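Let's take a walk through this model, starting with what it means to be tucked away and ending among the strands.

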Amino acid sequence: MSDLAARLSAIDSQIADAARTAGRDAADITRIVVTKFHPASLVRELHALGVRDVGENRQQELEAKRAELETDSSQDAPALDGLRWHFIGQAQTNKAASIRRNADAVHSVDRIKLADSLHRVAGDAQQDVLDVLVQVNLTDDPGRGGVAPDEAQRLAEHILTLPSLRLRGVMGVAPLDEAPASAFARLHGVADGIRSLDASATWISAGMTGDFAEAIAAGATHLRIGSAITGPRPDRG
Ligand SMILES: *Cc1c(COP(=O)(O)O)cnc(C)c1O
């Protein structure tokens, strides 16, 4: 087994264990492999190992990887059937068209202006609906990504007025200076409020390499795991 396959399967058994401990069904948890800073070839290797959900946090890198993988798919490498791309990074409104074109889900919608931009670039009404999550800032630093917890509901209500976006739930990153369990409990509270606006907004995107077990205990449905699976990220230069 390759190192990558071994790490993937080790993490998947830890996910299964954490789910069992929490009395949850692991089938209700989507493990997204965060491939940022790694070459596009890693996405191909992961796909061959059965991974169908990958995450990127920079628009340019997302766009470049998709373009590269599409080009070599048309030559000898097989197409990456069923692969879903999750955009998890801070998004600039002027890059909304690229993000929309290249992502299947955007976890990091944190302001009305960004939601509006993602909607505006949708083009004709028959285009696919884009899955979006409200990113909630779990720190007390307003400079970090995410909307303040007490503004999340208003942003969610606004997203529900935009027909080309489908509100799926919430996303959060645990702060470094707080136990992840208490931060994720806060996120869960916000998720409940948003689900009361739309019963289908059930996703809770939470949990990274260092805290995915706590996230599973707190009800996360989507984990964003990078380095534990991919190995250390190459120097971003
Ligand atoms: C990089 C990143 C992750 C994955 O981080 P690891 O600690 O490598 O698992 C998850 N979420 C976001 C928003 C990220 O930028």
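## Buried or not

A residue is called buried when its relative accessible area is under 20%. Keep in mind that this is a predicted model. Take Arg66, which sits in helix 3, residues 59-73. Its relative accessibility is 18%, so Arg66 counts as buried.

What does Arg66 touch, once its neighbours within four places in sequence are left aside? The contacts are Trp85, Arg101, Asn102, Ala103 and Asp104. Asp104 is 38 residues away from Arg66 along the chain, and the C-alpha atoms of the two are 12 Å apart.

## The lysine in the record

Lys36 is the residue that UniProt, in an unreviewed entry, lists for "modified residue: N6-(pyridoxal phosphate)lysine". In the model you'll find Lys36 in the loop that links strand 1 (30-34) with helix 2 (40-48).

Is Lys36 buried or exposed? With a relative accessibility of 16%, Lys36 falls under the 20% cut-off and therefore counts as buried. If you skip residues up to four places away in sequence, Lys36 touches Gly55, Glu56, Asn57, Glu61, Lys65 and Arg233.

## Around the ligand

Lys36 turns up again here, as one of the residues around the ligand. The others on that list are Val34, Asn57, Ile88, Met208, Thr209, Arg224, Ile225, Gly226, Ser227 and Arg233. Two of those names, Asn57 and Arg233, also appear among the residues that Lys36 touches.

Now for some polar details. An N or O atom in the Thr209 side chain is 2.5 Å from an oxygen atom of the ligand. The side chain of Arg224 also has an N or O atom to offer, 3.0 Å from a nitrogen atom of the ligand. With Ser227, the backbone does the job: one of its N or O atoms lies 2.8 Å from a ligand oxygen. On its own, the ligand has 390 Å² of accessible area, and the protein covers 87% of that.

## A pair of strands

Last stop: strands 5 and 6. Strand 5 covers residues 130-136, and it runs parallel to strand 6, with seven bridges joining the two. If you want a spot to look at, find Leu133, which stands opposite Gly169 of strand 6.

How many of the eight residues in strand 6 are buried? Seven are, which leaves strand 6 (residues 165-172) mostly covered.

Notes:
Residues numbered from 1 in each chain as written. Predicted model: local features only at pLDDT ≥ 70, side-chain atom pairs only at ≥ 80, totals over all residues. Heavy atoms only, no water. UniProt positions renumbered as here; feature names shortened; annotations may be inferred. Helix = DSSP H or I, 4+ residues; strand = E, 2+ residues; numbered from the N terminus. Buried < 20%, exposed > 50% of the residue type's maximum accessible area, 1.4 Å probe, protein only. Contact = heavy atoms within 4.5 Å. Near = heavy atom within 4 Å. Polar contact = N/O pair within 3.5 Å; in protein donor to acceptor, adjacent residues only side chain to side chain. Areas by Shrake-Rupley, 256 points an atom, 1.4 Å probe, with all protein chains shown as cover. Pairing = 2+ DSSP bridges.
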